[in-house]
Amino acid sequence: MERKNIFRGKNKKNGWIYGDLIHNRGEVFIAPIGIANPFATAEDFVVDENSVGYFTSLKDKTDKDIYEHDIVSHNGKIFICVWVERFASFAFIENGKYDFFQECDKDELKVVGNIYDNVELLNRK
């Protein structure tokens with residue numbers, strides 16, 4: 001299986017954009033997958049650098065792609081998907097503790113939001 005190298009980032013004008021990550025002249029862009037609007041300007045593809053997340057190559061139980069910074073539920077608990085440089089791996093984090101993907105039942109994962117649009121989920125008990 002070939003790994004898909006897809007990023008997503010939030011654009012102020014158009015919301016979430018999915019595609020290739022580009023750094024150019026101090027800006028961060030996402031070049032969309034597929035055919036872009038021929039009337040679009042560079043501004044249509046500029047994203048907030050802090051919102052950029054990488055596709056983990058995993059899907060949740062509803063076949064939704066899981067990206068870095070997604071909020072997922074697993075067995076009634078809420079986790080954030082993060083990249084852990086030290087371990088060169090994606091992991092779930094709950095209250096500062098790591099739970100790595102390979103140690104959980106992937107068939108029970110469900111994306112419920114992300115840390116930019118659904119921060120209120122992180123305060124859920």
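1. Start with strand 7 and strand 8: the two run antiparallel to each other and pair over 5 bridges. Keep in mind as you look around that this is a predicted model. One pair to pick out is Ile80 with its bridge partner Ile93, which sits in strand 8.

2. Now follow the chain through the hairpin that strand 7 and strand 8 make. It leaves 4 residues between the strands, and Ala88 has a positive phi there, near 50°.

3. Which elements give two or more residues to the largest nonpolar core? They are strand 4, strand 7 (77-84) and strand 8 (89-94). That core has 10 residues in all, including Tyr54, Ile66, Phe79, Cys81, Phe90, Phe92 and Val111. As a general point, nonpolar side chains tend to be buried together in soluble globular proteins.

4. There is another core to find, apart from the largest one: it has 5 residues, and Ile17, Ile30, Val47 and Val52 are among them.

5. Next, have a look at the open sheet, where 5 strands are lined up in the order 3-2-1-4-5 with antiparallel pairing. Its edges are strand 3 (27-32) and strand 5 (65-67), each of which pairs on one side only. On average, neighbouring strands of this sheet are turned by 55° against each other, ignoring direction.

6. Finally, zoom in on one end of that order. Strand 4, residues 53-59, meets strand 5 in the antiparallel sense, with 2 bridges between them. What stands opposite Lys59 in strand 5? Look across from Lys59 and you'll find Asp65.

Notes. Residues numbered from 1 in each chain as written. Predicted model: local features only at pLDDT ≥ 70, side-chain atom pairs only at ≥ 80, totals over all residues. Heavy atoms only, no water. Pairing = 2+ DSSP bridges. Axes fitted to C-alpha atoms, helices over the stretch in contact; angles between N-to-C directions. Core = buried A, V, L, I, M, F, W, Y, C linked by side-chain atoms within 4.5 Å. Buried < 20%, exposed > 50% of the residue type's maximum accessible area, 1.4 Å probe, protein only.
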